[in-house]
Each structure stands twice: as C-alpha cells, then as structure tokens.
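Trainee: I'm new to this one and I'd rather understand a single part well than skim the whole thing. Could you pick a spot and walk me through it slowly, along with whatever it connects to?

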Amino acid sequence: MNAYPPILRDLIRRLSKLPGLGEKSATRVAMHLLQCPREDAESLAEVIRQMRDRVRTCPRCFHFTDGELCSICADPARDTGELCVVESTADLLALEQSGAFRGRYHVLQGALAPLDAVGPDDIRIRELMRRVDEEQVKEVIIATNPSNEGEATAHYLLQLLKDRPLKISRIAYGIPMGGDLKYTDRITLERALKGRQNFA
Ligand SMILES: [Zn+2]
C-alpha cells in the first residue's frame, strides 16, 4: 500500500474501517472514486456531509428522521394501537421491509447487557413506558432479538408492562423458510414448538 500517494492511503485506511469493507474492498472503492466522473465523487462526499447535518433520531420512536417526526410516526395511516419494540433501526427496517406490520415502532437503541454494564437507564425504556401511558397503545409487540440480551430485555419489559391493561406479545421464532428440521438447533426447535399456531 506504500506505493500509493499518502492521500489515497488515507482514504483506503478510512474506508477499510467501514463495516463489511476489508482493505481489498476499500482499495477497490478508492480506485473507483478516483476514476469515476468527478461530480459523482463530489456528490457522494456532499451527501455524506448533508446526511450528518440533517439526520437525527425521531423524538418519539428513536428511528432516524430528517424532519420533526420520522415518516412512520408522522403517517396517519399507521395503527397507533400497536407498538412494536425493537433493539435497533436496522431491526425496524427489516420488519418494515416485510410489509407485515402497520403499527408503529419504538427503537430501544440497544438491549440490556448486565455483563457490559448496559442497564435499563442506558436504553430507551423510560421513553417507552411514557409512550405506553400517554399514547393509546393497546398492544405492545416485543421484537427484541433471540439472543441472551434480547431475551433479558424482553423479560424485563414484560415485568414492567404486565400490570397495565395491554396485550403484550413476543414475536415468534422458528424454522426459517427453506430450512430443515434436522439441521436446526435445539433452542430454535423448542421455540418453534412453543410458538406453534393452529393450522386448521
Ligand atoms: Zn418516529
């Protein structure tokens, strides 16, 4: 890499810190940026700058927005009675892409992780409880991940919410489409059986 001019080396070094980009891919991206039309490279730099200036978290649900409320909170067609709790915006986007949910979300911005000293005050639980009390929420769907942290968070939320006049549900986990029972781990199988649904 020493054969490159220092400014190019610097770009490659910075790009290789991005998720999913090793040094090889970073070098390929840098070469592309060097050889593509100048205005393409400049508009990319400009959009990164503007994105950092404009995008912030929605004050209601903590999804990203470049306006006052995010597009989901501001959409009058979304069901205000259903609130889906997720750990991250990436999880929210995955659920949105499924098109299966028409309620609103609450992004916790993390999950409880006692070993890493992440407690209830470090994620957006207080804000969730305020929303549950102030908005006309009829059902809270807990969609934290099936990891130790996600499960701990789900159980903590259940304890907080269980005395309120609400339906509390947990998304089902099971066998992925195209999956095969004999290659599925024991915990997933146990969950899939517990979360079974009427078939007829
Ligand atoms: Zn929002």
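**From a loop into the sheet**

Mentor: Let's start with Ala117, which has 7 C-beta neighbours inside 10 Å and so counts as exposed; the cut-off for that is 12 or fewer. You'll find Ala117 in the loop between β4 and α5. Its backbone deserves a look too: phi is positive, about 60 degrees, although Ala117 is not a glycine.

Before going further, keep in mind that this is a predicted model. The mean pLDDT of the protein is 93, and 100% of its residues reach 70 or more. Strand β4 (residues 104-107) has the highest mean pLDDT of the elements, at 98, while helix α7 (residues 186-194) has the lowest, at 86. As a rule, predicted coordinates should not be read in detail where pLDDT is low.

Back to our loop, where a second residue invites a comparison. Gln109 also lies in the loop between β4 and α5, and its phi is near 60 degrees, again a positive value in a residue other than glycine. How exposed is Gln109? It counts as partly exposed, because it has 15 C-beta neighbours inside 10 Å. That number falls between the cut-offs, with exposed meaning 12 or fewer and buried meaning 20 or more.

Now look at Leu108. Leaving aside residues up to four places away in sequence, Leu108 touches Val85, Val86, Glu87, Ile123, Arg124, Ile125 and Thr153. Some of those names come back in the largest nonpolar core, which has 23 residues; Val85, Val86, Val107 and Leu108 are the ones with the most contacts inside it. Two or more residues each come from β3 (82-86), β4, α5 (125-134), β5 (139-142) and α6 (148-161). β3 gives the largest share, 4 residues. That goes along with how covered this strand is: 4 of the 5 residues in β3 are buried.

So how do these strands sit together? They belong to an open sheet of 4 strands, in the order β4-β3-β5-β6 and with parallel pairing. At the edges are β4 and β6 (167-170), each pairing on one side only. From one strand to the next, the twist averages 25 degrees. In general, strands of a sheet pair through backbone hydrogen bonds, either parallel or antiparallel.

Let's cross the sheet pair by pair, beginning at the β4 edge. β4 and β3 run parallel and share 4 bridges. Here you can put your finger on Leu83, which stands opposite Arg104 in β4, and on Cys84, which stands opposite Tyr105 in β4.

Step over to the other side of β3. Another 4 bridges join β3 to β5, and this pair is parallel as well. Cys84 turns up again, this time opposite Ile141 in β5. Val85, one of the residues with the most contacts inside the core, stands opposite Ile142 in β5.

What do the side chains do along β5? They alternate: Val140 and Ile142 point to one face and are buried, whereas Glu139 and Ile141 point to the other face and are not. The last pairing takes us from β5 to β6, parallel once more and with 4 bridges. Val140 has Ile168 as its bridge partner in β6.

One more residue gives you a feel for the surroundings. Ala90 is in helix α4 (residues 89-98), and it counts as exposed because it has 9 C-beta neighbours inside 10 Å. Ala90 and Leu108 are 18 residues apart along the chain, and their C-alpha atoms are separated by 12 Å.

To finish, zoom out. The domain assignment gives domain 1 (6-54) and domain 2 (77-194), with 35 Å between their centres, taken over C-alpha atoms. For a landmark away from the sheet, try Pro19, in the loop between α1 (6-15) and α2 (23-35). Pro19 is exposed because it has 4 other C-beta atoms within 10 Å. Its C-alpha atom is separated by 29 Å from that of Ala172, which is 153 residues away along the chain.

Note on methods. Residues are numbered from 1 along each chain as its sequence is written. This is a predicted model: local features need pLDDT of at least 70, side-chain atom pairs count only at pLDDT 80 or more; totals for chains, interfaces and linings use all residues. pLDDT is the predictor's confidence in each residue, from 0 to 100. A nonpolar core is a set of buried Ala, Val, Leu, Ile, Met, Phe, Trp, Tyr and Cys residues joined through C-beta atoms within 7 Å. Two residues are in contact if their C-beta atoms, placed from the backbone, lie within 7 Å. Two strands pair if DSSP finds at least two bridges between them. Axes are lines fitted to C-alpha atoms, for helices over the stretch in contact, and angles run from 0 to 180 degrees between N-to-C directions. Domain bounds come from an automatic or database domain assignment.
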